[in-house]
Amino acid sequence: MDTTPTALPLSDDGVPLKVRLRRAERSYKLRSLALIAPLLIFLVLSFVLPISTLLYRAVDNHELADAMPKTVAALDGWDGNAIPAEPVFVALATDLRDLKEAGRIGIPAKRLGYEISGFRSVLTKTLRKLPAPDAQNVRDVVVDAVPEWGELRYWKAFERAAKPYTPRYLLASVDREVNEDGQIVVNESSAFVDIFGRTFWISGVVTLCCLLLAYPLAYWLSVLPPSKSNLLMICVLLPFWTSLLVRTAAWIVLLQSGGLINGGLQALGIIDQPLQLVFNRVGVYISMVHILLPFMILPLYSVMKGIPPHFVRAAVSLGAHPFLAFWKVYVPQTIAGVGAGCLLTYILALGYYITPALLGGPDDQMVSYFVAFYTNRTINWGMASALGSLLLVATLLLYVVYGKLVDNTGQSGRK
Amino acid sequence: MEQSGGADVLVSFRNVQKSYDGESLVVKNLNLDIGRGEFLTLLGPSGSGKTTSLMMLAGFETPTRGEILLDGAELHRLPPYKRNIGMVFQNYALFPHMTVAENLAFPLAVRKLAKDEIARKVQRALDMVKLGSLAGRYPAQMSGGQQQRVALARALVFEPKLVLMDEPLGALDKQLREHMQYEIKHLHDELGLTVVYVTHDQSEALTMSDRVAVFNDGIIQQIDTPVALYEHPVNSFVAHFIGENNRLSGTVAALDGRRATVRLSDGTTVQARAVGVDTAGRPTSCSIRPERVRLHSFDVQADNVLMGRILEFIFLGDHVRLRLDVAGSTDFTVKVPISQVDSAWKTGETIRVGWDADDLRALDPVAA
């Protein structure tokens, strides 16, 4: 074999070593790709696709264009200064006739109703007084029969609803709307900003309560001998084995005015009147803290388990009071766990729906309640998606902030 | 070299006992004085009570009975953070979220020293362990030896009255360990520290200490200078724990002052120094160092001369080790410098084995 240093090293069968290496690496890469492919496909189908659809739905505005394609096409290029000309009215009449036959007038009626609340009746009225297919002067006939079609604001509303994409759902989610002049104004009757604020506040309080309760417990679990801590860990995880709905219902039983807690307190003579513990904020806090506590305990426990006891001992031997040693030496080492636990709890709390719905009053409902409301009751996918998207964006922002914080505190070069 | 520290005692244990379960004692009636400026090592196998004794001194364990005095004051009533005792832990216990400088500043900051004074002392301590340039590093970015020095500097930076070291070199490799032994000893001499050092490594104990306390079974078996410990063990445990010793068991045939006549198990009688025996007729275990035995093919000048058959011959460069069958013991080891080895000594040969009566110590019997 040629062994001069300048020649490319060859493997036994004469193929250059580099080529062989590349081949081996490629087949290795393909094999690893094949291994993760099922997960990748699953993630795309169950995660990426639904979320993209959700984000798209928040700005999607194809309902009117799909239902009344001729009118929308005819209106294209309208200057917006005068009532549209005859061809638009002909197209309108044709579209409405088609819709009537198909029995699908409901969709455009609902969509136009979002723009001007009276638009729905305008459509139905027009439907009743439609001119014959071969009629002349359709514009005059229609405007005579339904005078609203002679008003510019109805046509402007129609034009807004006809665009393929709209910001109206996202704007409505933050209590804004586009007025008839095309300006963004505050909608006084809407309260989504308050509801978002409430959602963040409730999640924050729940996270803080979880942290305060979980920290000592996780510490205790981490210092106990394994036989005892394993048993207690099962107790911590026990609630996971029960349905969320059952746990929430159980809290109603416990907390209601004739329930176990009020009954017990009254029997002990501590209170005279039953405390209002359920169907208000208190009930929401209690049950959410209970349900989310394990999500705080587990990350804290896993971090604390990895901190040997000799650090605090060393700090004490160096002259620090045990409390100071705990605060200065132990707590900083658990920051990663605190961050992970808080983030997990907070993000989970942001999306809570069932618990506030069952245990809260009208003023304790969170964003998810309204997402469900728009999805199940009014079938307003646009609003549901817009609220959901905003919640998603807020969560992602939090995650980025957390990442930055952890990056800054974690620069100590720990292994 | 004999420093019992009687004149200037810094620490004393008085009748200290410690039990964890209320049934058995881990430390049984410990009485120990540690002199100012002394380097005392607590040596013993694991579970012998040496670490427990150190922890009681540090304040992480409380004596079940008895008292510990530091400078005449009752130490056992003081919480550990008020004791002003520096401690070097087995795994260093450097705070991972603090830099080296912050680690060293910690004991000074909790004592509320001024900022510039802290900076000055930290720098001095770092220079002392030759790590002046690494002040900004985090512990995880340093080697084991460097971490060990930081731990040492942190235990010294607040100028404690007493420094405790709990197997501080256990995690280092052999070469580094020997180097650090030298450095610790050097710091001890230079700064006049009082050091209590716990180890299970006898060579570490013998190299560094002024005195070594050999622990076993919760009791100090012997406390003495390294030389005395090696040359004059007072019982069988110490004789076999420190260095190598040959063991010959037998019965005391006669006793005359410090001279004992011992009948070995095969019937041979030998002369020995009586250390752990007081009555004739009692069983005894005699011990002798391998390097104290003399071998000769024909004749040997010694108080005791026996015949031995060579079972094994191991060449070790500057000396050879021979395993012999002597007086019923098949594990009798002899070390001979290479210059005195006779070429006729081969496996299976029978030669003369001799030693002086004073080198064979008749000690307490050992259960076989």
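**Reasoning from values in a predicted model**

In this predicted model, the centres of domain 1 of chain A and domain 2 of chain A, taken over C-alpha atoms, are separated by 52 Å. Domain 1 covers residues 62–164 and domain 2 covers residues 192–414.

Reader: How do helix α15 and helix α16 of chain A pack, and at what angle?

Author: Helix α15 (residues 310–317) of chain A packs against helix α16 (residues 322–333) of chain A at about 140 degrees, and their axes are 9 Å apart.

Reader: Why is α15(A) called oblique to α16(A)?

Author: Roughly antiparallel requires an angle over 145 degrees, and roughly perpendicular covers 65 to 115. The angle here is about 140 degrees. It belongs to neither class, and therefore α15(A) is oblique to α16(A). The crossing of α15(A) past α16(A) is right-handed.

Reader: Which residues make the contact?

Author: From α15(A) come A:Phe311, A:Val312, A:Ala315 and A:Val316, while α16(A) supplies A:Pro322, A:Ala325, A:Val329, A:Tyr330 and A:Gln333.

Reader: What is the make-up by class of the contact of α15(A) with α16(A)?

Author: Eight of the residues are nonpolar, one is polar and none is charged. Gln is not listed as nonpolar or as charged, so A:Gln333 counts as polar.

Reader: Where does B:Gly317 lie, and why is B:Gly317 called partly exposed?

Author: B:Gly317 is in the loop between β16 (304–315) and β17 (319–326) of chain B. Buried means under 20% relative accessible area and exposed means over 50%. The value for B:Gly317 is 36%, so B:Gly317 is partly exposed.

Reader: How far apart are B:Gly317 and B:Ile338 in sequence and in space?

Author: They are 21 residues apart in sequence, and 7.5 Å apart in space from C-alpha to C-alpha.

Methods: Residues numbered from 1 in each chain as written. Chains lettered and ligands numbered in written order. Predicted model: local features only at pLDDT ≥ 70, side-chain atom pairs only at ≥ 80, totals over all residues. Heavy atoms only, no water. Axes fitted to C-alpha atoms, helices over the stretch in contact; angles between N-to-C directions. Helix = DSSP H or I, 4+ residues; strand = E, 2+ residues; numbered from the N terminus. Parallel < 35°, antiparallel > 145°, perpendicular 65-115°, else oblique. Left-handed = near helix turned anticlockwise from the far one by under 90°. Contact = heavy atoms within 4.5 Å. Domains from an automatic or database assignment. Buried < 20%, exposed > 50% of the residue type's maximum accessible area, 1.4 Å probe, protein only.
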